[in-house]
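Visitor: I'm new here. Could you walk me through this one?
Guide: Sure, let's take a look together.

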Amino acid sequence: MIKPSITIATRESQLALWQANWVKTCLEKIYPGIAVNFLGITTKADRMPYISLAEMGGKGLFVKELEEALLDGRADIAVHCVKDMPVDLPPDLHLPVVLVSDDPWDVFISNHYPNLAAMPAGAVVGTSSLRRQSLTLNARPDLVTRGLRGNVNTRLARLDAGEYDAIILAAAGLNRLGLAARARQVFNKNEFLPAPGQGVLGLECRINDPDTCQLIAPLQDVSTFIRVSAERAMCKRLGGGCYVPIASFAETEAGVLVLRGLVASLDGATVLRAETRGAHANPEILGINVAEELLALGAKEILQNVAKQLADENDHKK
């Protein structure tokens with residue numbers, strides 16, 4: 001018997017609420033009459049938008065309080081952007097369902113320049129992502145990158161106020177808020193490989209809650225789940241958190257699953273790339289194989305250096 005109601009834990013930003021409402025709409029189409037309730041939570045990362053994620057401990061802070069609501073029974077599921085989720089989940093929770101992927105790419109937004117190549121030397125690019133920082137500096141080492149946190153509308157407002165010459169955001173967030181027209185350039189996989197799970201919404205729930213797992217199972221998009229499994233397996237094998245300069249993207253080419261991955265230094269001077277192909281039935285193996293290629297190229301040393309640089313920066317700010 002399908003349970004008559006479900007409570008969704010969600011952050012309270014405009015984008016997070018859009019995402020939760022989208023899941024609500026999907027559930028109501030499948031189960032007419034179901035009561036879908038929201039538990040709005042303002043996370044530590046949301047309460048401190050001017051402190052870098054590295055200082056606070058990484059993107060996991062976007063999901064920690066939502067996971068606590070699952071574990072103590074206040075909510076049945078949590079809706080997350082998969083790119084914000086750590087690869088290691090609490091032992092009593094899992095990510096059994098991902099929805100069909102939105103646009104996985106990054107976009108360039110500026111009120112003055114049509115694309116990254118057109119920016120003059122010394123221009124300032126805003127981003128909260130170390131991956132985007134590294135790839136920006138790899139493409140244009142003569143530019144300046146500066147931290148930029150906050151929700152999508154806050155970041156756009158700071159761009160419009162002249163704090164930055166351009167900013168880089170995820171296309172999916174703009175699309176969901178009806179702001180796709182703000183993008184001036186959409187980066188492709190050869191320019192800005194996305195973060196693992198970028199553009200994908202995931203549903204997290206308790207492992208020992210079979211009724212909820214059964215309820216949300218019809219929302220599963222199998223092809224996206226395969227993609228996310230490969231990308232996150234690569235990240236997990238590298239031992240990198242989801243906020244360090246790691247990127248991965250899996251897609252089907254000629255009936256074969258292709259996974260591309262990279263690891264970059266913070267200054268963008270070094271970018272290691274690897275890719276492999278294999279069967280859709282073994283996405284995690286592809287992820288591990290790409291990670292092993294990157295480790296053979298020196299990824300471990302780069303990530304250790306990134307961790308040291310971030311720790312030194314945090315110590316300096318204390």
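Visitor: Which residue stands opposite L93?
Guide: That's R206, in β10. Keep in mind that this is a predicted model.

Visitor: What makes β4 and β10 a pair?
Guide: Pairing takes at least two bridges between the strands. Four bridges join β4 to β10, so by that rule they count as paired. The two run antiparallel.

Visitor: How do you know that β3 and β10 pair as well?
Guide: Use the cut-off of at least two bridges again. Residues 77-81 of β3 and 201-206 of β10 share five bridges, in the antiparallel sense, so they pass. One of the partnerships is C81 with L201 of β10.

Visitor: What order do the strands of the sheet come in?
Guide: The order is β2-β1-β3-β10-β4, five strands in an open sheet with mixed pairing.

Visitor: Why are β2 and β4 said to stand at the edges?
Guide: β2 (35-41) and β4 (93-98) each have a single partner strand, so one side of each has no neighbour in the sheet. From one strand to the next, the twist averages 35°.

Visitor: What makes β4 mostly covered?
Guide: A residue is buried when under 20% of its relative area is accessible. Five of the six residues in β4 are buried, so "mostly covered" is how we put it.

Visitor: Which strands does helix α4 touch?
Guide: Helix α4 (residues 64-71) packs on the sheet and touches β1, β2, β3, β4 and β10. Its direction makes about 160° with that of β3.

Notes:
Residues numbered from 1 in each chain as written. Predicted model: local features only at pLDDT ≥ 70, side-chain atom pairs only at ≥ 80, totals over all residues. Heavy atoms only, no water. Axes fitted to C-alpha atoms, helices over the stretch in contact; angles between N-to-C directions. Contact = heavy atoms within 4.5 Å. Buried < 20%, exposed > 50% of the residue type's maximum accessible area, 1.4 Å probe, protein only.
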